[in-house]
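Let's work through this structure by asking how each label is earned. Have a look at the sequence and the model first.

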Protein chains: 2
Amino acid sequence: MPEYADAKPHYRINDTKNIHLLAERQSSTFDVEDFAQFMFGGSDNPFDINTRRQLSFVEVHLFFEYNLSFCLARLAITHPIHQTHLPFEYLTADEHYSLCIRKSFAAIDAVNRLNITNRKHRGWFYEIFVNYYFSFYIHTSMCIYAIENLASEEQKHTLLPLAESFQIIATYAQTELGHGTDIRRLETEAIFDKTTDSFILNTPTLTATKFWPGSMGKTVNHVLLMAQLYTPDSNHACGVQMFLVQIRDLKTHQPLPGVEVGEISTRFAHIFGDNGYLRLTNVRIPRTQMFMKLAHVDSNGNFTRQGDARLLYGTMVHERLRLINTTLIALIRAMAIAVRYSAVRFQGLNPSGKETRILDYPLQQEKLIPSLSTTYAFLIAFIKLDRYFFQLKTNDDDYFRELPQLHALSCGFKGYTLSISERIAQICRVACGGHGFLVASGLVTSRNGIDGGCSAEGDNVVLLQQTARYLLKRMQQVEENNSGSLHSSVAYLNLPLWLPPTSLKLDDYCRLFESRSQLLVKEMFGKMLESTSSSPYDAFIQNSIELVHMAKAHMETFIIRAFYDQVQNARQHVSIALVLEQLFYVYAIHTLRNTSTDFVRLKLLSADQIYELESRVLPDLYIQLRPNLVTLVDAFDFHDFELDSCLGRYDGQVYEALMERARLNPSNRHKVPPIWTSIKQGTLSKL
Amino acid sequence: MPEYADAKPHYRINDTKNIHLLAERQSSTFDVEDFAQFMFGGSDNPFDINTRRQLSFVEVHLFFEYNLSFCLARLAITHPIHQTHLPFEYLTADEHYSLCIRKSFAAIDAVNRLNITNRKHRGWFYEIFVNYYFSFYIHTSMCIYAIENLASEEQKHTLLPLAESFQIIATYAQTELGHGTDIRRLETEAIFDKTTDSFILNTPTLTATKFWPGSMGKTVNHVLLMAQLYTPDSNHACGVQMFLVQIRDLKTHQPLPGVEVGEISTRFAHIFGDNGYLRLTNVRIPRTQMFMKLAHVDSNGNFTRQGDARLLYGTMVHERLRLINTTLIALIRAMAIAVRYSAVRFQGLNPSGKETRILDYPLQQEKLIPSLSTTYAFLIAFIKLDRYFFQLKTNDDDYFRELPQLHALSCGFKGYTLSISERIAQICRVACGGHGFLVASGLVTSRNGIDGGCSAEGDNVVLLQQTARYLLKRMQQVEENNSGSLHSSVAYLNLPLWLPPTSLKLDDYCRLFESRSQLLVKEMFGKMLESTSSSPYDAFIQNSIELVHMAKAHMETFIIRAFYDQVQNARQHVSIALVLEQLFYVYAIHTLRNTSTDFVRLKLLSADQIYELESRVLPDLYIQLRPNLVTLVDAFDFHDFELDSCLGRYDGQVYEALMERARLNPSNRHKVPPIWTSIKQGTLSKL
């Protein structure tokens, strides 16, 4: 890694062009860079911003094969290749695919020339360079890891160099058309043939077709095939094993005999990589192509398990953490975009005839501040979890002792945070109104026809305020004893009703969530014991809804504790500790109000207390956090190149960017679309 | 409308090919057709299935301009034009646009030849024919309505025939780059010029650019322009008025002088219609092109308001109801797809070695049954609201008396149901796992990168069950007083905690929701009175979060009452009443548990009661509803053509459909993608 690397923040406050955004940044109560370093600095931090900054901008003298010339370029963000194409949303599927392959090879080329040896750093460089569309992501992030952990020493010795140098490009082929979650039911077969000392591979049914594996359709030349092993005769099942299978010729990239491979049908928009399908008909591979670290087949077809099967869990944990990491980056992108846009967008007249910045509306704050607090909670807890994982990996004894917890936490963290992250991304889209639907907003690939309706013809909460106004007027009628003329739908406003009371005092949030989790787990444990189901399996299925709820509560407990610790860590940085504490309170209150039944039913809080927290404490916290919202997302330290958003750009020139992007739309190249020329000429039939 | 129209259901049970789906249909406790007729029959029903069936299949002898020949065709679904293209997701933006225009003209052509005179029926025919991509939807649904209600009699007399015959094709141009929600701040100007008796139109700033109007970019030749009227001199503001402005030549379709028009940047995938931008520079239109029913400008530039301004509200209500209607159709499509797929998808081994149908998992039922119940609640309440609207329109006195309620209900209904509908569509996507991401699932344009992660590497709830298992094991440790070795994240399981009690009995759900709404409205009314804010505006803004909550509660009250009435209406059909009642209970309980703090705080229910309802009553209801889930979505009576889903097809041949669709992917036409040929030939640079 070159010494002269530049690790400064991507922007300085005075890069801001929009005066409103500038005011936000100037009014912040803490220093963004100090905060960013505290949260995301350090080489053991999964977000390690200093290294990321270096990777984005390292200068180097290098040779570009794509234009056959020498030049001095700033990588990865300013590489000239990025100037060779329209915005992604304007490319066809094939154009987009070709571009990503080109960029991916250029990135590999650069990494080699820059001699970036740290694997994690290489991965980051690839991702940044190719705008998170690196074509060989699964190969570099999962497959190489799998070879290291599941292949025998001899296999590693031969395979790793080939994989590291991209002569072998592989993907992980597990999911089938008929089965994904339950790998025990995979139908792809590997039958050992003693006479030729090889395996015969088949996808014997339609549903056995490998379906979904990333970059399998058009990109890879090998797959790590998960298949049912049968040896020596097909009645002797040895369970699912992993096989390295070449599917394309290394020279011509042609699919090999017996291999039917292609891309599946379109996901979302077409820009979601290259998911493939694969059918195998009597494809033969040598016996040595089965990964033999945890299982072994000898030349007589004798099957033995060996090594520590828990290594498989380790691999899964690793992949799960990487997925969470990627998701969190998508999440903070959405937050950065929505908050910045809300600071430059004005809408609605106040009585003095002035327009209001939408970030100043409590309803907008109710959307964004709990979301931002939750985002920070997830980041903090993930950083803790990720560090914990890598620490453990340095000592096998610790590792295997802690593996069950690690597995449970990574499962729960993935399951709990991804659903909520999806929700937050949707909230960010709604918070950006109509412009949030544009792919150019950077939010979009998250959106759909129905939620389009949420902003069309009036934002939902704007319309609901109409209803609110109406109800207040009707209530006034009732108060004025003028309720004879009440409309039918509000007649109930004047009917008699029925009522009763309680109250408690709030202590420490961590203890509160811990107590609640404890009670839920005790409760479910009891239910499982008392269960009259015929088997533990049935009992589990029967109680699964509440069990999942219990698991979520556990994850909330884990996250809130991690957040609490981080607030403590910040004590020596007063301004940072203060804002983190405010975020902590918002996350805690927002989270408990969403499952308030638990807390009330378990007598930990009264409904009145929760109402007090929600209706008094939260709004006060919003006011306290208000001056720091923009800098809290600036701290994610995105370069506009990474954010790729007209709404979220650092300088705040939102409308100029939207207009420019619209004019770039290739559909506008004809003043009269060809179809209309045909219509006007009455030649429609010729189309 | 031809007499011999066929109004039978699209399918009969024995059209089912998948045996599991067949079993579901055979086990239903009610007759689908009876149910469908009860829910959606009748010409005053907004879904009027009988007419829709006729429109889908009417036979007629007609002339197709697109192939210049005579033939006997069955419209709209079986029209030969539908055989002329790949699935939509494989078309480029321009191909998709041209196809929709072609189909739209073919649909208009057919409507004329079929002599379908009822406007509502014509609209349905267009939508069905063009797979809900009818290119002139805004023209036929909104603009013609606006001409009728906002143009003067003379204007109507000239404009209506031109609009009805598609010589004038218009859209509604309100939203600007800088303003949407708050139309008072629109910047587009219409300045009256006395000397030429005309208006001079300008978009004087960047943010004044008209941005988003549907079909404006490439399709329409006129716009209904919302602009600030100034007369006689530009200091005399007359507020926002509506002007009919021609933007393209009727013969050549060329933009007129002073008009810059084009498509904005990509929304979602590119298949979302033709949203446009429009900039006007000194465009002149005659004075008579301003809509003069509610406002008037004479040749001296004197401005007067006239007529009943409340007509504007009526137009907005009408458009809002149509939007809700469209959204509900998207919602029931998603439900139909998710439920049918869940009945044919098997995953997970039980101890007896059998696989489980995913619809039999309580966690899948927890996803789909509350969603389906909510969907029916929305349908029922919307049918009531829509009927109410059309009844009122027959009598001006009733209409204007009820308009405030109509306005409030339509605002609230749109605001409340669309957010939840988006959520349900997402739940349906998650319920279909990975295959739910395919555009071919019919669910997709609803999905994004983050929620992609919700199913990747294990469904969230499947993973959470891992955590649950782990927690049970740890709890066992505690019970066995073996807690010394507890992992840190579960240490709290063995710590002391703190507790207290209440209880009440549930009466009638309608009264319960009514009482809660009443209390909330009273409470907010009191808060507004006591407010110390400087102005009512500030008080409203300050309390807006709770006011919106109050409005939502009101809508829930409205919906639950409508649902209750429908259950009563069904009393004479025992089997129908039974299933509706079950759906009613699920909706009521699911809805109250989501805002349980209200009910507990207001002493209407205890947390224990809510827990009882959620943990005991709901699961029982799931079991009762289980045999009818498939037929409850069959009752929506979609033809596969309309559903356009590999997962939701009536016959259940899901995997065959997915594989066929994948093989159709045009990206598979090359066995070796061109980019790889270049790579292998070392000619990457030439790309």
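Q: What makes β6(A) a mostly covered strand?
A: Keep in mind that this is a predicted model. Strand β6 covers residues 210-214 of chain A, and five of its five residues are buried. Buried means under 20% relative accessible area, so "mostly covered" fits β6(A).

Q: How do you know that β6(A) and β10(A) pair up?
A: Two strands pair if there are at least two bridges between them. β6(A) and β10(A), which is residues 275-280 of chain A, are joined by three bridges, so they pass, and they run antiparallel. One spot to look at is K210(A), whose bridge partner in β10(A) is L278(A).

Q: What makes β7(A) count as mostly covered?
A: Take its residues, 222-230 of chain A: nine of nine are buried. With buried meaning under 20% relative accessible area, the label follows for β7(A).

Q: Which sense, parallel or antiparallel, does β7(A) take with β3(A), and how do you know that they pair?
A: They're parallel, with four bridges between β7(A) and β3(A), residues 170-173. At least two bridges are needed, so this counts as a pair. Y172(A) sits across from L224(A) of β7(A).

Q: How do you know that β4(A) pairs with β7(A)?
A: Same check on the bridges: at least two are required, and β4(A), residues 189-193, has three to β7(A), in the parallel sense. Here I191(A) faces Y230(A) of β7(A).

Q: What makes β7(A) and β8(A) a pair?
A: Eight bridges link β7(A) to β8(A), residues 237-246, against the required two. The sense is antiparallel. L225(A), for example, has F243(A) of β8(A) as its bridge partner.

Q: Now over to chain B. Why are β6(B) and β9(B) called edge strands?
A: Their sheet is an open one of three strands, in the order β6-β10-β9 in chain B, with antiparallel pairing. β6(B), residues 210-214, and β9(B), residues 259-263, each pair on one side only, and that earns them the name. On average, neighbouring strands in this sheet are turned by 30° against each other, direction ignored.

Q: How do you know that β9(B) pairs with β10(B)?
A: There are five bridges between β9(B) and β10(B), residues 275-280, and they're antiparallel. The rule asks for at least two, so the pair counts. Within it, G262(B) stands opposite Y277(B) of β10(B).

Q: What packs on this sheet?
A: A helix from chain A does: α21(A), residues 654-663, touches β6, β9 and β10 of chain B. Its direction makes about 110° with that of β10(B).

Q: Why are α10(B) and α15(B) called roughly perpendicular?
A: Two packed helices are described by the angle between their axes and the distance between the axes. For α10(B), residues 396-431, and α15(B), residues 544-569, the angle is about 100° and the axes are 9 Å apart. Angles of 65 to 115 degrees count as roughly perpendicular, so that's the word for α10(B) and α15(B).

Q: What makes up the contact of α10(B) with α15(B)?
A: Six nonpolar, three polar and two charged residues. Among them are F413(B) and Y416(B) in α10(B), and K552(B) and F558(B) in α15(B).

Q: How many helices and strands does chain A have, and how much of it is buried?
A: Chain A has 22 helices and 15 strands. Of its 687 residues, 63% are buried, again meaning under 20% relative accessible area.

Terms used: Residues are numbered from 1 along each chain as its sequence is written. Chains are lettered from A and ligands numbered from 1 in the order in which they are written. This is a predicted model: local features need pLDDT of at least 70, side-chain atom pairs count only at pLDDT 80 or more; totals for chains, interfaces and linings use all residues. Side-chain values use heavy atoms; hydrogens and water are left out. Axes are lines fitted to C-alpha atoms, for helices over the stretch in contact, and angles run from 0 to 180 degrees between N-to-C directions. Contact means heavy atoms within 4.5 Å. Angles under 35 degrees count as roughly parallel, over 145 as roughly antiparallel, 65 to 115 as roughly perpendicular and the rest as oblique. Ala, Val, Leu, Ile, Met, Phe, Trp, Tyr, Cys and Pro count as nonpolar, Asp, Glu, Lys and Arg as charged, and the others, Gly among them, as polar. Buried means under 20% relative accessible area, exposed over 50%, partly exposed in between (1.4 Å probe, protein chains only).
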